[in-house]
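Colleague: Could you take a close look at one part of this model for me, and explain how it connects to the rest? I work at the bench, so please spell out the cut-offs as you go.

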Amino acid sequence: MFWRLRRPEWTRQKGEGNRRAFRKLVEAGDPLGVLAYAEGKAVAWCAVGPRETYPVLERSRILKRVDEQPVWSVTCFFVARPWRRKGVTRRLLEAAVRFARSRGAKIVEGYPVEPRRGTMPDAFAWTGLAGAFREAGFVEVARRSVGRPIFRT
């Protein structure tokens, strides 16, 4: 819900309120993303949808639109701890692109972080790492901040 709500609203309903709001979106059938399964259980998630469904992106100085072309945006990931550093993020990205294209997307965009040195704590990589986007065939198209490129495929 972080990208879908104005900051004061997100903060006000932090926790259970945001979970309820997200549950309503799921129940409404809106395209929210893709899941990765292993051994019959969901182990990872990637949020992807039309950029217009993420108003926070529209207000971002660093992640503002590259151009006026319609895009779908990959905004966040969750990978369960036992499945991290095993290529799951790249596979989620590939699935997110297929999902978006099946719904008419011509361009899929992402906003990963690129650590200045080595690795970073998992908690700060929730928008993905630039390396995973490159591995999934995305190309950097803009960078308005040292550690925050914009990628497209």
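Modeller: Let's begin with one pair of residues: Tyr37 has Ala42 of E2 standing opposite it. These strand labels, like the helix labels, are DSSP runs counted from the N terminus (H or I with at least four residues for a helix, E with at least two for a strand). Before going on, please note that this is a predicted model, in which local features need pLDDT of at least 70 and side-chain atom pairs count only at pLDDT 80 or more, while totals for chains, interfaces and linings use all residues. Numbering starts from 1 along each chain as its sequence is written, and side-chain values rest on heavy atoms, with hydrogens and water left out.

E1 and E2 are joined in the antiparallel sense over six bridges; two strands are said to pair when DSSP finds at least two bridges between them. In general, strands of a sheet pair through backbone hydrogen bonds, in a parallel or an antiparallel way. The loop between strand E1 (33-38) and strand E2 (41-50) holds Glu39. Glu39 is not a glycine, yet its phi is positive, at about 55°. Its relative accessibility is 75%, so Glu39 counts as exposed; here exposed means over 50% relative accessible area, buried means under 20%, and partly exposed is in between (1.4 Å probe, protein chains only).

Now for the sheet around this pair. Six strands make an open sheet of mixed pairing, in the order E1-E2-E3-E4-E6-E5. E1 and strand E5 (139-143) are the edge strands, and because each has a single partner strand, one side of each has no neighbour in the sheet. Between neighbouring strands of this sheet the average turn is 30°, direction ignored.

On its other pairing, E2 meets E3 in the antiparallel sense, over seven bridges. Pro50 has Trp72 as its bridge partner in E3. E3 in turn pairs with E4 in the parallel sense, over three bridges, and there Val74 stands opposite Gly110 of E4. E3 is mostly covered, with seven of its eight residues buried.

What lies across these strands? H4 does: this helix crosses E1, E2, E3 and strand E4 (108-110), and runs at about 145° to E3. Such angles go from 0 to 180 degrees between N-to-C directions, with axes fitted to C-alpha atoms (for helices, over the stretch in contact). Arg85 sits in the loop that links strand E3 (72-79) to helix H4 (88-102). Like Glu39, Arg85 is a non-glycine residue with positive phi, in this case near 60°. Arg85 counts as exposed because its relative accessibility is 65%.

The helix and the strands also share a nonpolar core, meaning a set of buried Ala, Val, Leu, Ile, Met, Phe, Trp, Tyr and Cys residues joined through side-chain atoms within 4.5 Å. The largest one has 26 residues, and Val74, Leu92, Leu93 and Phe138 touch the most other members. E1, E2, E3, H4 and helix H5 (130-135) each give two or more residues to this core. H4 supplies the largest share, seven residues. Leu92 is in contact (heavy atoms within 4.5 Å) with Val34, Leu35, Ala36, Ala44, Trp45, Cys46, Phe77 and Val79, leaving aside neighbours within four places in sequence. A second core of eight residues lies apart, and includes Ala47, Tyr54, Leu63 and Ala142. As a general point, nonpolar side chains in soluble globular proteins tend to be buried together.

You may wonder about the cysteines. At 0% relative accessibility, Cys46 counts as buried, and so does Cys76 at 18%. The sulfur of Cys46 has its closest cysteine sulfur in Cys76, 7.4 Å away, which is too far for a bond. A disulfide is a pair of cysteine sulfur atoms within 2.5 Å, and a search of the whole structure finds zero of them.

Finally, the wider setting. The protein has five helices and six strands, which run α-α-β-β-α-β-α-β-α-β-β from the N terminus on. Of its 153 residues, 41% are buried.
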